[in-house]
Amino acid sequence: MKVLIVEDDPLHRSYLHEAVNAALPECDTVIEAENGTVGEKLAREHKSAHIVMDLQMASRNGIEAARTIWKERPETRILFWSNYSDEAYVRGVSRIVPDGAAYGYVLKSASDERLKLALRSIFIESQCVIDREVRGLQQKSLGQTNGFNDSEYEILVDIALGLTDRAIARRRGLSLRSVQNRLQQLYDKLDVYQAASDDNDDGRFNLRARAITIAFLRKLLNYSALERAEVELQEWLDGK
């Protein structure tokens with residue numbers, strides 16, 4: 001068995017290497033990559049079916065690398081190991097997992113035993129292992145517990161990219177009224193409000209800008225999510 005570690009922190013790579021050796025006596029080769037770009041290349045060269053992947057890396061993040069790897073080899077088993085349980089990351093991972101794939105999402109704060117159990121469960125037993133905190137965010141991302149459904153989240157990303165209501169309607173195949181209704185749902189769920197600031201009843205906030213600010217504060221959006229969304233936007237614009 002080969003295991004590929006994709007992690008930009010040398011100390012974390014060393015720790016993962018030791019964890020893999022301890023948890024997986026079946027593993028005879030551990031390969032290391034310092035970022036997502038190198039990880040994609042090594043996964044392709046070694047045809048690795050077992051990968052431990054960091055999410056936030058300076059050169060090509062884990063979500064982008066995993067998407068490419070899964071596109072080429074959907075049977076690959078990936079354990080995401082991250083400091084972050086932001087909803088933006090959780091949604092990003094959920095969007096790219098192939099049907100039936102064995103994968104995991106374990107926080108770096110988890111115990112050594114938890115990490116070793118996840119490695120065996122995913123790589124040997126083909127089970128999915130998701131930390132409880134991450135699982136809760138996954139449920140929210142599916143529209144439960146007052147979270148955002150996918151269509152609402154898409155519009156949140158679109159307004160963060162600067163698209164107008166009409167542009168969003170064209171991109172998403174919606175009527176202008178549908179876009180405006182979903183924006184109102186976003187404002188309600190984010191508790192965005194427009195208070196009167198003077199006798200002329202001028203709004204105190206730009207609602208779109210305020211919604212994006214709150215989304216960042218609540219970790220619904222982050223740099224990686226918008227970087228990925230910008231690429232998808234350019235692909236849509238080029239295809240028009």
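Contact here means heavy atoms within 4.5 Å. The model is predicted. By that criterion, and leaving aside neighbours within four places in sequence, S121 is in contact with S126, Q127 and V129. S121 lies in helix α5, which spans residues 112–123. Its relative accessibility is 7%, so S121 counts as buried, the cut-off being under 20%.

The chain as a whole has 240 residues, and 48% of them count as buried. Its secondary structure comes to 11 helices and six strands. The chain exposes about 12100 Å². Carbon and sulfur atoms supply 46% of that area. Contacts between residues at least 6 apart in sequence were also examined; 69% of them join residues at least 24 apart.

The six strands form an open sheet. Their order is β2-β1-β3-β4-β5-β6, and the pairing is parallel. Strands β2 (29–33) and β6 (129–130) stand at the edges. Each has a single partner strand, so one side of each is left without a neighbour in the sheet. At the β6 edge, two bridges join β6 to strand β5 (residues 103–107), and the two strands run parallel. Within this pair, Y105 has I130 of β6 as its bridge partner. Helix α5 packs on the sheet. The helix touches β1 (2–6), β3 (50–53), β4 (77–82), β5 and β6. The direction of α5 makes about 160 degrees with that of β4. One residue of α5, S121, has V129 among its contacts, and V129 falls within β6 (129–130).

D54 carries a database annotation. An unreviewed UniProt entry lists D54 for "modified residue: 4-aspartylphosphate". D54 sits in the loop between β3 and α3 (62–72). Its relative accessible area is 5%, so D54 is buried under the 20% cut-off. Neighbours within four places in sequence aside, D54 is in contact with V6, E7, D8, G62, W81, S82 and K108.

A second loop residue, N35, was examined in the segment between β2 and α2 (36–46). N35 has a relative accessibility of 14% and therefore counts as buried. The N35 side chain reaches the backbone nitrogen of V38 at 2.9 Å. Not counting residues up to four places away in sequence, N35 touches V6, M57 and S59. V6 is thus listed among the contacts of N35 and among those of D54.

Two other helices were considered. Helix α4 (residues 87–96) is mostly covered, with eight of its 10 residues buried. The buried set is E87, A88, Y89, V90, R91, G92, V93 and I96. Charged residues are included in this set, namely E87 and R91. An α-helix has 3.6 residues a turn, so residues three or four places apart point the same way.

Helix α9 covers residues 176–190 and contains V179. The relative accessible area of V179 is 0%, so V179 is buried. Beyond residues up to four places away in sequence, V179 touches I155, D165, I168, A169 and L174. One of these, A169, is 10 residues from V179 in sequence. The C-alpha atoms of V179 and A169 are 6.2 Å apart.

Conventions:
Residues are numbered from 1 along each chain as its sequence is written. This is a predicted model: local features need pLDDT of at least 70, side-chain atom pairs count only at pLDDT 80 or more; totals for chains, interfaces and linings use all residues. Side-chain values use heavy atoms; hydrogens and water are left out. Helices (H or I, at least four residues) and strands (E, at least two) are DSSP runs, numbered from the N terminus. Buried means under 20% relative accessible area, exposed over 50%, partly exposed in between (1.4 Å probe, protein chains only). Two strands pair if DSSP finds at least two bridges between them. Axes are lines fitted to C-alpha atoms, for helices over the stretch in contact, and angles run from 0 to 180 degrees between N-to-C directions. Accessible areas come from the Shrake-Rupley method with a 1.4 Å probe; for residues, only the protein chains shown count as cover. A polar contact is a pair of N or O atoms within 3.5 Å; within protein, one must be able to donate a hydrogen and the other to accept it, and residues adjacent in sequence count only if both atoms are side-chain atoms. UniProt positions are given in the numbering used here, feature names are shortened, and annotations may be inferred rather than shown by experiment.
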